[in-house]
Every structure is written in structure tokens, then in C-alpha cells.
Amino acid sequence: MLSNSLIEADRRHLIHPVTAWRGHEARGATVLTQGQGMYLTDSDGNRLLDAFAGLWCVNIGYGHDSVVEAAAEQMRRLPYATGYFSYASEPAIRLAERLATLAPQGLERVYFTQGGSDSVDSALRFIVHYWNARGRPTKKHVIALDTGYHGSSSNGAGITGLAAFHRLFDLPHHWQHHIPAPYPYRHAAGADPQAVIDASVAALKDKVAELGADHVAAFFAEPVQGSAGVIVPPKGWLAAMRAACTELGILLVVDEVITGFGRTGPMFACEHEGVSPDLMTLAKGLTAGYVPMGAVLMSADIYAGIADGPDNHLPVGHGATYSGHPVSAAVAMAVLDLYEGGILANGIARTPQLAAGLAAIADHPLVGDVRQAGMLAGIELVADKAAKTRFDPALGLPDRLSRAGHANGIIFRAFADGTIGLAPAISCGEEDMATLLARLTRTLDDVIEQLEVRSIL
């Protein structure tokens, strides 16, 4: 009865993110009640293996007492401290110092936000301020990737390259532009890595030439495009785009909201190619989803450009009540302790097991492409392997996948294009990974046995 009353209250009052509102009302919510390790329990008592770490964020798994205790102790000692009026709290200061030490070389300054979308929006404001302060007020245009995701704030959603975030929102803005994604499986140049890289560099240079270098402020990119269906660019792509941005005189913003904190192996995905961006956005794994928090890391040059700008005795007019919240910062410090205490190493050790399981799944009749970056993976389903034909949206494949997954005790992301997204906790054990792969395979087998799906194949 309690579960039913919650579902009805949800229908009447709670607005869910990125959901067809009436469709959700008809379906009803699945109420989650408990989490431990890799597993969640719903209100019907079903125990579900979370293969998506909540929303790419619960990197350490559920139920770490050390994190809970850090939050409780900070709440008892100092539950809130403003960052305004030159006040600060020790957890925020210590966390900023630690992130600057861990980050790619040159990212020395940290501004704390309330999450990923807020981080992107803050980065955009800092970029505008920076170029104005440097006496380059025409540099206002921003370039990003098709199908990239940079949050759903009023400005970030326009940089996002997904139609759902533009439709009926009057986006993108006139100053927001997109170039093709480095998508080897569906790239016009084929899967040749250098051809994909060269095409991206050429597309960026062409777009800057079209707009005029004096009008382009920055290029935004994820090291791996998460919400695009986990598109993994060829090795060397990010370094090539860094070099192109430097050559063109535009800023590089690397969005590590999903890929940060061990998701692809190292602490930050930039490390794979030794790239130091001008700004880097963070969230999700920063606190492992236990409390909200994000961050913008910026280079010394960006900081100085803003700090030493005209009228620099006046405040830089950007801030938030909860920037550097002491409880969130204390949680982040405890989470970083876990990462550096063995969880990052565990993710690296577990990656080959995931890779081996994905290699076996690649032979499944539904699977067209499998891609992986550490503990991050995408499995693209197709109706015709040879032609790479996607399923007709009218089939409702994502809903079929999600329902079959729930029945088999596994949660994953079922993207609208028929791609399955995986982002298991990097604390995942060997047995948990084996269970994940077995339940995922069983889910694919169950879906292919549905008459409507089999008839299309």
C-alpha cells in the first residue's frame, strides 16, 4: 500500500528529468528504497544490479560508511558556510587544493558548483568575462560536437548536441555551433583512426574560418561522448583537438563530468593523452553522487585574465549560495580517499573482464557495435548488421530493453537510438561483473525472442 501511495503521489506531483511527462504518468515510477554495493532494491523487493552507477556517478558503489560519517561529522561541526564576503570553510579549501594537485598540469584554480550543468554554465560565463577582460569582446561564439552533452541549463543545453534538449526550448542560440562527432562506427571516412581525427580537426578549422577566428571563444568536448551512446574517439583525437585550438587561438574546455574520477581508468580522461585544457568541468564522480557538487577548474592564464581585467577592484559577478558547500566538500574528500585508497586501481583491474564480456556480446545477432573506455561502454543494437540499420523508433526498443533488464535484475541506460550504456561502479568486484554480463546477455536474448523484434531481423 505504501508503494502504491508513493507511485500515485509521484504521478500527481513529482516532475522527472528528461522524461515524457504523460508517458511517465501512464507508466508509473519504480520506487528505489535501498542501495548496497552494486545493488539497489525497489519497493517491490526486487534486487537490481546497477550497471549504470545511478547516472554515471556512483563510482564507489552504495553504502560506504566512511562517506556517510564524513557528511555527518561536517553537519555537526559546520553544516553551512558561505563563500561570500571572503569567508570560507576548511573542507572547501582542502578540496580545492587537492583537486589542483590531481588535475592536469596548469589547472590551478577551482570554482565549486552545484552539479554538471552548473559547471558548464559557469565555464561559459567565465569565458565571456575572460575575452571581454582581455579586450577581445567579439569572441563570443562557441563550438561543440553533434550529439555531445553539456548539461541542460539555458546555455549548456544549446551547446549540447542532442535534439531533445533543443526542441521547443528555442535552442541552440545563434552563437552556438556544432561539428560532426568523432564516431568511428558511423563515420563517413570509415573507422580508420587517423581519418576520423583528421576529419574532426578539419571540421573545427572550417567552422572557425566560417565564423571568423576573432568571433570564436571556445571549443567544448567530452573525452568520451557519454549521452551520445558512449562514443569513444580514436586515441590521439583529444590531443589533436588541443593542438588545433591552440593554433586557432580559441579555448579548449574539456567536459569531464562523466569521464572524471576513474571512469576511463586514470583520475581524469585527459591523462590518457597528456592534455591540459584551459578549463575543465567536473561533477558526478566528485562526490560519487552521495551529495550534489560540481567544479570548474581553470588555468592560471584564465584566472589572471579575469582577475587582472578592467575595474578589477569590483566583484566578479558570478556566484551561488551553495558554492563550496562544506558538507559536499567533506564528502568529496572522503570519496577521493576511497579512489586513491584502491578503488581507482580496482577499476583498472576490472576493465579487461568487462572487455572480454563485451567481446562475447559483440557476436549477438542484435549487436552492431561495441565500444569501451575503461569502465564505460556502449553497445549499439541494429536491425541489420551489414547495413548498420537502426531499429524503427516506433518499435520502442529502449522501453523493451529497460523492461527486460528490470525483469532480469539489471539497470542500464537504454538510449533512444537503441544503444545500451554501461557505467558500473569502478568498485565492482569480479563476481559482480560476471553477474552483470550474464544478466545483460540474458536481457538481449529475451528481447530478440519478442515477436516484433524477431520479425524485423
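This tour visits a set of helices and two loops, with a selection to make at each stop. The structure is a predicted model, and the residue numbers to enter run from 1 along each chain.

**Stop 1: the long axis of helix 11**

Begin by selecting residues 326–361, which form helix 11. This helix has 36 residues, yet its end C-alpha atoms are only 44 Å apart. A straight helix, at 1.5 Å a residue, would reach 52 Å. Where is the kink in helix 11 centred? Select Glu340: the kink is centred on this residue and amounts to about 60°.

**Stop 2: helix 4 against helix 11**

Keep helix 11 in view and add residues 65–77, which form helix 4. The two helices pack at an angle of about 155°, and their axes are 8 Å apart. Angles over 145 degrees count as roughly antiparallel, and helix 4 and helix 11 are therefore roughly antiparallel to each other. Their crossing is right-handed.

To display the contact, select Ser66, Val67, Ala70, Ala71, Gln74 and Met75 on the side of helix 4. From helix 11, add Pro326, Val327, Ala330, Val331, Ala334, Val335 and Leu338, which meet them. Colouring by class will show 11 nonpolar and 2 polar residues in this contact, with no charged residues.

**Stop 3: helix 11 against helix 13**

Next, hide helix 4 and select residues 430–448, which form helix 13. How far apart are the axes of helix 11 and helix 13? The axes are 10 Å apart, and the helices pack at an angle of about 15°. That angle makes helix 11 roughly parallel to helix 13. The crossing of this pair is right-handed.

In helix 11, select Arg350, Gln353, Leu354, Gly357, Leu358 and Ile361. These residues meet Glu430, Met433, Ala434, Leu437, Leu440, Thr441 and Leu444 in helix 13. The contact divides into 8 nonpolar, 3 polar and 2 charged residues.

**Stop 4: helix 12 against helix 13**

Leave helix 13 displayed and add helix 12, residues 397–407. Here the packing angle is about 125° and the axes are 9 Å apart. Helix 12 and helix 13 are therefore oblique to each other, and their crossing is right-handed.

The residues to select in helix 12 are Leu397, Arg400, Leu401, Ala404 and Gly405. Their partners in helix 13 are Thr443, Leu444 and Val447. By class, this contact contains 5 nonpolar, 2 polar and 1 charged residues. Leu444 deserves a second look: this residue of helix 13 meets helix 12, and it also belongs to the contact with helix 11.

**Stop 5: two loops**

Turn now to the backbone. Select Leu171 and Pro172, which are joined by a cis peptide bond with omega of about 0°. Pro172 lies in the loop between helix 7 (156–159) and strand 6 (176–179).

Finally, select Phe85, in the loop between helix 4 and helix 5 (90–102). Although Phe85 is not a glycine, it has a positive phi of about 60°.

Technical notes:
Predicted model: local features only at pLDDT ≥ 70, side-chain atom pairs only at ≥ 80, totals over all residues. Heavy atoms only, no water. Axes fitted to C-alpha atoms, helices over the stretch in contact; angles between N-to-C directions. Helix = DSSP H or I, 4+ residues; strand = E, 2+ residues; numbered from the N terminus. Parallel < 35°, antiparallel > 145°, perpendicular 65-115°, else oblique. Left-handed = near helix turned anticlockwise from the far one by under 90°. Contact = heavy atoms within 4.5 Å. Nonpolar A, V, L, I, M, F, W, Y, C, P; charged D, E, K, R; others polar. Expected span 1.5 Å × (residues − 1). Bend = angle between axes of the 7 residues up to and from the residue.
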